[in-house]
Amino acid sequence: MFQIGQLVVYGGEGVCRVEGIGVPPIPGADRNRQYYTLSPLCRTGQVMTPVDTKVMMRPVMSREEAEVLIESLPALEPEEMPSSGVRAAKDYYHQLVTSYDCRRLAGMIKAVSRKRVRAMRSGKKVSQMDERYLKRAEEELYSELAAALELEADAVPDYIRRTCPAWPEN
């Protein structure tokens, strides 16, 4: 069970702070069930979810885990799509970003950024879908690293580049 004040990664919300645990004071709530009250760090408002939710929920990585991840980025293999086709790419990207697996998100950022560079060299652009999922992967990865490192999310790419100069520009 998570504790009040703890930072967690929760489903589609990303990084949230646990603000409360208990029966919510709303009509129709199951009085026999405990709920977390979560405050997303990336937007205003609150989310209430049962303590025994099936939605992915895990603690934010520690500072040490974040630093190890960043140090491993130069050797990290890009997360390349195993098959071609727009539908397969969309399914693959969706599965990857909803995994909230920071290593895989970083690998995806590397892969799509390389794809963008190759496209630009030949006078082309990557697809809007590639750009949309790249942005989402960056938001998810950088928000968790920001929470772990106690930084603002927009400072994370520069922080990474100090360790990994080849990290792609956002």
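A salt bridge is counted here when a side-chain nitrogen of Lys or Arg lies within 4 Å of a carboxyl oxygen of Asp or Glu. The model is predicted, so local features require pLDDT of at least 70 and side-chain atom pairs count only at pLDDT 80 or more, whereas totals for chains, interfaces and linings use all residues. Residues are numbered from 1 along each chain as its sequence is written, and side-chain values use heavy atoms, with hydrogens and water left out.

**Stop 1: salt bridges**

By the salt-bridge rule, the count comes to twelve. Select Asp-158, Arg-161 and Glu-169, which are linked in a network of salt bridges. Within this network, the side chains of Glu-169 and Arg-161 meet at 3.5 Å, N to O. Burial is assigned from relative accessible area (buried under 20%, exposed over 50%, partly exposed in between; 1.4 Å probe, protein chains only). Glu-169 is exposed at 54%, while Arg-161 is buried at 14%.

Next, select Glu-144 and Arg-58, whose side chains form a salt bridge of 2.7 Å, N to O. Helices (H or I, at least four residues) and strands (E, at least two) are DSSP runs, numbered from the N terminus. Glu-144 belongs to helix H4 and Arg-58 to strand E5 (residues 57–59), so this pair ties together parts that are 86 residues apart in sequence. Glu-144 is buried, with 2% relative accessibility; Arg-58 is partly exposed, with 22%.

Then move to Arg-43 and Glu-13, a salt bridge in which the closest N and O atoms are 2.9 Å apart. Arg-43 is located in the loop between E3 and strand E4 (47–50), and Glu-13 in the loop between E1 and E2, so the pair ties together parts that are 30 residues apart in sequence. Arg-43 is partly exposed at 37%, and Glu-13 is partly exposed at 21%.

**Stop 2: the pockets**

Keep Glu-13 selected and add Gly-14, Cys-42, Glu-140 and Ser-143. Which pocket has these residues closest to its centre? They belong to the second largest pocket, which is lined by 16 residues. A pocket is found on a 1 Å grid over the protein atoms alone, as an open set of points where a 1.4 Å probe fits, with protein on both sides within 12 Å along at least five of seven lines; lining residues have an atom within 4 Å of a point. The volume of the second largest pocket is about 230 Å³, where a volume is the space filled by probe spheres set on the grid points, which are joined across faces, edges and corners.

Colour E2, helix H3 (102–121) and H4, each of which supplies at least two residues of the lining of this second largest pocket. H4 gives the most, with five residues. By class (Ala, Val, Leu, Ile, Met, Phe, Trp, Tyr, Cys and Pro nonpolar; Asp, Glu, Lys and Arg charged; the others, Gly among them, polar), the lining of the second largest pocket divides into six nonpolar, three polar and seven charged residues.

Now select Glu-139, Tyr-142, Ser-143, Ala-146 and Ala-153, which lie nearest the centre of the largest pocket, among its 17 lining residues. The largest pocket has a volume of about 300 Å³. Which element gives the most to the lining of the largest pocket? H4 does, with seven residues. Strand E2 (14–22) and H4 each supply at least two residues of this lining. The lining of the largest pocket has ten nonpolar, two polar and five charged residues.

**Stop 3: aromatic pairs**

Rings of Phe, Tyr and Trp (its six-membered ring) pair if their centres lie within 6.5 Å; planes under 30 degrees apart count as stacked, over 60 as edge-to-face and the rest as tilted. The whole structure holds three aromatic pairs. Select Phe-2 and Tyr-36: the ring centres are 5.7 Å apart and the planes stand at 55°, so the pair is tilted. Phe-2 lies in the segment before strand E1 (7–10) and Tyr-36 in strand E3 (residues 35–40), so the pair ties together parts that are 34 residues apart in sequence. Phe-2 is buried at 15%, and Tyr-36 is buried at 1%.

Finally, select Tyr-93 and Tyr-133, whose ring centres are 5.4 Å apart with planes at 35°, so this pair is also tilted. Tyr-93 lies in helix H2 (residues 86–97) and Tyr-133 in helix H4 (residues 128–149), so the pair ties together parts that are 40 residues apart in sequence. Tyr-93 is buried at 3%, as is Tyr-133 at 7%. Add Tyr-92 to the selection: ring pairs link Tyr-92, Tyr-93 and Tyr-133 into a cluster.
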